[in-house]
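Q: Please take a close look at one part of this model, the first helix of the first chain. Start with what packs over it, then work outward to its surroundings.

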Amino acid sequence: MNFWSIVITILAIFVVLVVVRVIMGPTIWDRLLGLNMISSKIIVSIVILAVLLDKSFLLDIALVYAVLGFLGTVLIARFIERSGNL
Amino acid sequence: MILYILSVLFTMVALIFMLLGIVGLFRFKDFYSRILISSKVETVGFITIMTGVMLYSGFTWFSLKVLLILIIALLTNPLSTHAIARSAFISGYKIKREEKNG
């Protein structure tokens, strides 16, 4: 059992805890905040998987995921702010 | 060997910070308190865990790519948090204050 595999397991448990908040969130912005946090944790998980497997191309996937997660969060926030009128 | 011990220490500190962020996400009542505490603590955990990975990998191209991901996340994470909070404020989400007068 490697150290980084323990870290990636703990990150998966954190993602499950945030999903509980997303399900029981009172408002829609709580769910959006949970989506942002899950995106951040998935980027960290991909980087640690690249360290664990010693494959360098996984970092490019993490980079693309960072940019796309930011774009998705900002677009959904603007969509809610203008009440469904882009 | 000392770099390995240092990277393990940084990673465990980062996991503790992320756990504190999740506790803050469940602890507070208002949405604005939740978004404040979770975004701050998440950013600190991101910086710390990426520093741990860079210390583990050493001075290589791998470490440079990790640094690039860290810079992009540091640029975009406050922007997305600000977009969510601005969306909540413009849409008219108000905090219910306790009425103590009278």
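A: In this predicted model, the cover over the buried residues of α1(A) includes α2 of chain A and α1 of chain B. The buried residues in question include A:Val7, A:Phe14 and A:Val18. They sit on the same side of α1(A), because they span an arc of only 40° around the axis. The opposite face is exposed. There, turned away from the buried side, are A:Ser5, A:Ile6, A:Thr9, A:Ala12, A:Ile13, A:Val16, A:Val19, A:Ile23 and A:Met24. The helix itself has 22 residues. From first C-alpha to last, α1(A) reaches 33 Å, close to the 32 Å expected at 1.5 Å a residue.

Next, the contact between the chains. Chain A puts in 31 residues and chain B 35 residues. On the chain A side, α1 (3-24), α2 (28-53) and α3 (58-81) each give two or more residues. That side of chain A has 23 nonpolar residues, five polar and three charged.

Then the core. The largest nonpolar core holds 40 residues. Those with the most contacts inside this core are A:Ile43, A:Val47, B:Val53, B:Val66, B:Ile69 and B:Ile84. Two or more residues come from each of α1, α2 and α3 of chain A, and likewise from α1 (2-27), α2 (31-57) and α3 (61-90) of chain B. The top contributor is α2(A), with eleven residues. In general, nonpolar side chains of soluble globular proteins tend to be buried together. B:Ile84 shows its neighbours well. Leaving out residues up to four places away in sequence, B:Ile84 touches A:Trp29, A:Leu32, A:Leu33, A:Asn36, A:Ala77 and B:Ile35.

Now α2(A), part of the cover over α1(A). Its 26 residues should span 38 Å at 1.5 Å a residue, and the end C-alpha atoms are 37 Å apart, which agrees. After α2(A) comes A:Asp54, with a positive phi near 60°. A:Asp54 is not a glycine. Most residues other than glycine have a negative phi. A:Asp54 lies in the loop between α2 and α3 of chain A. This residue is exposed, because 9 other C-beta atoms lie within 10 Å, and the exposed class ends at 12.

Chain B has its own α2. With 27 residues, α2(B) reaches 39 Å between its first and last C-alpha, close to the expected 39 Å. Just after α2(B), B:Gly58 takes a positive phi of about 85°.

B:Phe31 belongs to α2 of chain B. It counts as partly exposed, because it has 19 C-beta neighbours inside 10 Å, and burial requires 20 or more. Its contacts reach both chains: B:Phe31 touches A:Thr27, A:Trp29, A:Asp30, B:Ala88 and B:Tyr93, again without residues up to four places away in sequence. A:Trp29 thus appears among the contacts of B:Phe31 and among those of B:Ile84. Along the chain, B:Phe31 and B:Glu42 are eleven residues apart, and their C-alpha atoms are 16 Å apart in space.

Last, confidence. The predictor gives the complex an ipTM of 0.84 and a pTM of 0.87. Chain B averages a pLDDT of 87, and 93% of the residues score at least 70. Where pLDDT is low, predicted coordinates should not be read in detail.

Technical notes: Residues numbered from 1 in each chain as written. Chains lettered and ligands numbered in written order. Predicted model: local features only at pLDDT ≥ 70, side-chain atom pairs only at ≥ 80, totals over all residues. Contact = placed C-beta atoms within 7 Å. Helix = DSSP H or I, 4+ residues; strand = E, 2+ residues; numbered from the N terminus. Nonpolar A, V, L, I, M, F, W, Y, C, P; charged D, E, K, R; others polar. Core = buried A, V, L, I, M, F, W, Y, C linked by C-beta atoms within 7 Å. Expected span 1.5 Å × (residues − 1). Arc of directions from axis to C-beta. pLDDT = per-residue confidence, 0-100.
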